Amino acid sequence: MTQLNIDPALASAIKNFQLPETLGFGNVMAPVMASCEYENGKWGELTLLPYGPITMYPTSKVLHYAQEIFEGMKAYRVNGKGPFIFRPEENYLRFNRSAERMAMPHVPHSIFMKSVFELTSYCANFVPRRSGESLYLRPFMFASEESLGIKPAEKFRFMVIASPSGSYFSDTTVGGISVYIERENARAFPGGTGYAKTGGNYAAGLSAAIKTKNLGFVQTLWLDAREKRYVEEMSGMNIFVVINNELVTPMTGNTILDGITRKSIITLARDMGYTVVERNIDINELLSEIKAGRCTEAFACGTAAIISPINYFGEATGERYPLHHPDGKIAMLLREGLLAIQEGRVDDKHKWIAAVEPKTL
Ligand SMILES: Cc1ncc(COP(=O)(O)O)c(C=O)c1O
């Protein structure tokens, strides 16, 4: 059984915290964080402490060689119910798949779950209550070993921080997000780290994010690295398109993150009677289907964004491919269906939500 230490300063940090009216996404941090260190082949004690700066040496390997992984998950507390954490086992499994790819130790189930659940328990009052809002939980692990040698570290730190959050996209993107088709850079390649949730994948997408923004788009769509032909995903979300009333999404492999929202949507859509097909999507086929009116909508999905309809795809040349349903008819039905489960408003027949007991100090 993992022992939990509580820092003596935590009670006053919690008492002094006030949830601001305006949240945004990932801007406001909850007053509690969890921390556990790995050294000499074993995990040490797990501690809950006030959120604040951490000290590390400039030689910490993560700062040079990017040995780092993270997760993103949410706790909901709407209509006086919850907090409920959505599919935490899936995040735990994916975290350790990322750890293996990045030559990092597995985080034991008890340390991962205890960190996430205890942190949420003490932050229960800071889980925002309006529909679509949540406490965004961010478990992460990094190589803390101090040395410039390029070799796998043997010292690591696992932490969980949390952010009371509102919607991922600002109001200016209501009515659908615009998506830029990135035809030059690649985010991931066969044999690479695309399926792992590691910081380097995101860093590799940032210059395209600048280009995307400068061209007036909101999100970048990545194509496969080899042929620049098959749709993969966005920088922080998976993608679905609706062709002839069927939901189509790229198969996940080692270049695409196996999204938990994606997985849940596949189940939910099938429950709702839709056909869902996982297959390669040729970008040229997709654009022709949009022009021909057979692809009527498309949407991005992920823990942070939930489900966000796509308004149009576009190219650097200025061409635009608007969707017939930019507000996402099916997308919004699925979004409501998914949120109803996440917020505990309907029967959780797949056992996706885990209840958390609120605690005070
Ligand atoms: C690259 C990438 N793809 C897809 C997703 C969606 O995954 P999930 O639904 O598990 O949040 C995310 C976000 O976590 C992501 O970072």
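**A two-domain chain, talked through**

Mentor: This chain has nine helices and 19 strands. Both are DSSP runs, numbered from the N terminus: helices are H or I with at least four residues, strands are E with at least two. The model is predicted, so local features need pLDDT of at least 70 and side-chain atom pairs 80 or more, while totals for chains, interfaces and linings use all residues. Residues are numbered from 1 along each chain as its sequence is written, and side-chain values use heavy atoms, without hydrogens and water.

Trainee: How does the radius of gyration sit against the globule rule?

Mentor: It is 21 Å, close to the 21 Å the rule gives for 361 residues, so the chain is as compact as a globular protein of that length. The radius is taken over C-alpha atoms, and the rule is 2.2 Å times the number of residues to the power 0.38.

Trainee: What does the C-alpha trace span along its principal axes?

Mentor: About 65 × 50 × 35 Å.

Trainee: Which domains is the chain divided into?

Mentor: Domain 1 covers 4-166 and domain 2 covers 171-327. The bounds come from an automatic or database domain assignment. Their centres, over C-alpha atoms, are 28 Å apart.

Trainee: And how many residues does each give to the contact?

Mentor: Domain 1 gives 20 residues and domain 2 gives 18. Contact means heavy atoms within 4.5 Å.

Trainee: New topic. How much of the chain counts as buried?

Mentor: 54% of the 361 residues. Buried means under 20% relative accessible area, exposed over 50%, partly exposed in between, with a 1.4 Å probe and protein chains only.
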